[in-house]
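Reader: I have a model to go through with you. Can we take the cavities, the cores and one helix in turn?

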Amino acid sequence: MSEQYPSAQDLTLEEQASLTSGQDAWHLQGIPEKGIPGYMITDGPHGLRKALASTTATNLNDSVPATCFPPAAGMSSTWNPQLIHQVGVAMGEECIQEQVAVILGPGVNIKRNPLGGRSFEYWSEDPYLAGHEAVGIVSGVQSQGIGTSLKHFAANNQETDRLRISARISQRALREIYFPAFEHIVKTAQPWTIMCSYNQINDVHSAQNRWLLTDVLRGEWGFKGIVMSDWGADHDRVASLNAGLNLEMPPSGTDDQIVYAAQDGRIDRKQLAAMAQGMIDLVNQTRQAMSQEGYRFGVNAHHQLARQAAAESVVLLKNDNNILPLAPTANVAIIGEFARTPRYQGGGSSHITPTRMTSLLDALQERGAHAQFAPGFTLEDEPQDAALTQEAVATAQHADVVVMCIGLPEYAESEGFDRTTLDIPAKQLAVLEAVAKVNSNIVVILSNGSVVSMEPWQQHAKAVLEAWLLGQAGGAALADLLYGDANPSGKLAQTIINDINDDPSMLNWPGEEGHVDYGEGVFVGYRYYDTFKRQVAYPFGYGLSYSTFAIDQVQVVADAHQPNTVQVSARVTNTSNRAGAEVVQVYVAPEQSAVARPVHELKGFAKVYLEAGASTTVTIELDSRAFAYWSERFNDWHVEEGTYTVEVGTSSRDIAACQTVALEGDHKTLPLTEWSTYDEWKQDILGAQAMQAADEAAERGEIIAIPDNDMTALFLHAMPINSMTTLLGPEGGKITQFLLDWYAAHTK
C-alpha cells in the first residue's frame, strides 16, 4: 500500500466509476494496483456487527462477538452526552481490532409515531435531544480514526413500504423536526459518511435528491464527507451520482452505466471525479487506524461501560411507598421469561453477537439474592399455558416483593415492519393480574424498544422500571438498580401516551397509495400533547430517582453583545440523603407568533450528579436558533421580535420556574409588492412610511383617503393592496399605485 493514495484525477473513468460502488456487501471497492484498499464497513448503531467471512448480506445473526451496548431507545434516556461519547470511543476501539473502517450508525430519525418498528434504533421524538446525544457516538468513534455513517437521511420514520413510500412533508416540518439532529451533528462533528434513506421525500428518492444531498447537506451545512446509499436504496446510479451520492451499496454491477454516462455527457466528468475523490479521502482518513496490527480492546472494561450505560438508560416511572430499592434480605419472586431470556437488542441489521450476556437471573444469583423464579409465560406468539400461570401465582404468593418482567417479545417489533398496537401481549398481562390477586407488592420491569400502553395494568404495580432494551449488561444493571447499588437517573426521550389514537400522526399513518402525509407538521410528540393539553401517561423528559431534588435561583439574561442570545442559570440541590443525578431541562415558549408554534420546545439540558445535600449551579446558553422557527416566506430561520418565556424544569410538564425575556428579533423583511397585504405594508418600516406619505397625499387632495371605520378596517387587514379597487372603486387603484411608486422611489 502506498503512503499517499492518488487523486481521482489520476484515475481512468473506469477506475473512478468503480470507487462509487462497493466491492461486495460489506467492503469498499479498492484499486490495489493504485494502492487503494477495499476496507470493510459494517453495522451497527449500538455496537459492531461484523459479519463472519462466510456470512451473506441477508444473514444478520452471524457475526463476530462485540460489546452490545444499549440501543438508542435506552441510551437516549441517559440524557448524558459524555457517557454516550465514551460508548462511541469504545465502539471505535472494537472497530480497530476487527479492521472495520466505518461503522454504520447512529440513526437519528425522529420517532414520529410510537408504532414505528425501528424506534428501538432511533433516539427521540425531539430533534434537539436526538442530535445532542447521538453526536457523542460520532465524535467518540471518529476520535479513534474510524468513520461513522449518520443515518437515514432523511424522513425515514416508518417501516411500512419503506423502500418506496413518499413522505410528503412541508419545508418547515423538515427544517424544524426531521433535519435538526442531522444538521447539528454535521456542523459539530462532521461524520465521515452519511447514509441516505430508502424513502422518497416529496416524490423524489433520497438517493437521487440533489436538493437534499448537495444543496442542503453540502451547501448549507458544510458537510465534507461522503454519502452512501442504504442497502438497495440506489435505483438509478446516474441520477444518484449527479445528485451527490458517492457510494452505492451493495454493488449492482453497473459501473459501465457510469462510464457511458460520463462519456456521453449525462454525468459531468468533474462530478464523477468529485464523488470518487470523496471515496479516496475516506480511505485516507481511516488508513492510520486500519494499519494497527494486533490491537485488542478491553473486553471487561467495555462490558462495565455497557453496564453503566444500561443503568443510566432505565427510567423509574413509579415508586409508590418507596418500594424500591429492595432490602438485601427481602424474599423476592422473579416472574417473567424476560428475566431468564432477556430481550437486550432489536431485530434486523443492528443485531449483535455479544461478548458475554448477563440476564437478571444471572445477576441475582451472582449477588446471592433471595429470589425464586417462575417464567410465567413464553416469548412466542402462542396461547398461554395455564400451568405457567399457576406456577407464577404459587411462586409469588409468599414473597415479600414480586419483580414482574414483561414487555414486547422480538416478534412484536423489528426492522422491516411497524407495530399495530401499543399493547403488551395479553397473556403476560393475564399473568400479572393473577399474581396481583395474591401479592400487592409488585415491581414491573418493562422490556421494549418503543413505548407500550400502561393502562390498565399499571394499577397492579407499586413500581415501574422502563428498561427499554439494555444491551449485554442489562441484567447486572437492573440488579444494581433494584437493590440500590445504582440510583435511577433516566429520563424519557419519548412521551408515553395512553392510547395510540392520541398521537396526531395516526390521521395519516402509515399512509396510502404509496405516500404518507405528515399532516401534523411540527406538532410531533410532546409538541402536540403539551400544546393541545392531551392527557398522557408520562410526559417527555420524565423520570424519578431514589433521591429528591430542587431547582431554584433561575436567572434568564439576554446577552447584550449577541442579539437574540440568552444565558440561563439555575441552582440544583439534592434534598435527600442519597447521592444521585438530575437532568435540568430548558424549554422555550414564544408568547406570540405569526405562525402556529408549539407551546414550548426543548432547547437545552444538563445532567448533574450531586452528593446528598449538595448544590450546584448549571448554566445553559441559548443561541438565536433556540428562539427561531423556519419561515417558508423567508426560506430561512426567523426570530420574531417579542417576549419569550424560558421554562426550567425536570420534564416537559414539571416546570420548576419560568422567566420571560424580550428579544429584538432578526429584523428580516421581504420586499413589498402589490400582493403584500395592507397589514404587511403597515408593519414594514418602509411600508409604514409609504402609508404615512399616502395619508399626507390624501390631505393634499391628490388621492382619496381610506375611510376610517371598523368595517373598512375589517376588510383591509388581510387584503393585498392590489385589491383596493374592490373596496374603494377606481380611486382605490390610485392609492395602490401611489404606494408602489413611493416604495420603488425609496428602495433604489
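Author: First, a term: a cavity is a set of grid points where a 1.4 Å probe fits but cannot get out, and its lining residues have an atom within 4 Å of a point. The model is predicted.

Reader: Which element gives the largest share of the lining of the largest cavity?
Author: The largest cavity holds about 160 Å³ of space. Its lining has 19 residues, with Phe338, Pro342, Ser447, Gly474 and Leu478 nearest the centre. Two elements give two or more residues each: strand 15 (442-447) and helix 15. The largest share, three residues, comes from helix 15.

Reader: How many of the residues in that lining are charged?
Author: The lining divides by residue class. Nonpolar residues number 12 and polar ones six. The charged count is one.

Reader: Which helix gives the largest share of the largest nonpolar core?
Author: That core has 178 residues. Phe153, Trp231 and Leu324 are among those with the most contacts inside it. Eight of its residues, the largest share, come from helix 10 (residues 269-290).

Reader: How many residues are in the second, separate core?
Author: This core includes Ile551, Val554, Val584 and Trp637. Its residue count is 28.

Reader: How far apart are the end C-alpha atoms of helix 11?
Author: Helix 11 (residues 299-313) has 15 residues. At 1.5 Å a residue, the expected span is therefore 21 Å. The model agrees, with its end C-alpha atoms apart by 21 Å.

Reader: Which strands do the buried residues of helix 11 pack against?
Author: Those buried residues include His302, Leu305 and Ala309. Their helix partners are helix 2, helix 3 and helix 15. The strands are strand 10, strand 16 and strand 21.

Terms used:
Residues numbered from 1 in each chain as written. Predicted model: local features only at pLDDT ≥ 70, side-chain atom pairs only at ≥ 80, totals over all residues. Heavy atoms only, no water. Helix = DSSP H or I, 4+ residues; strand = E, 2+ residues; numbered from the N terminus. Expected span 1.5 Å × (residues − 1). Buried < 20%, exposed > 50% of the residue type's maximum accessible area, 1.4 Å probe, protein only. Contact = heavy atoms within 4.5 Å. Core = buried A, V, L, I, M, F, W, Y, C linked by side-chain atoms within 4.5 Å. 1 Å grid on protein atoms, 1.4 Å probe; cavity = no way out; pocket = protein on both sides within 12 Å on 5 of 7 lines; lining within 4 Å. Points joined across faces, edges and corners; volume = space filled by probe spheres on them. Nonpolar A, V, L, I, M, F, W, Y, C, P; charged D, E, K, R; others polar.
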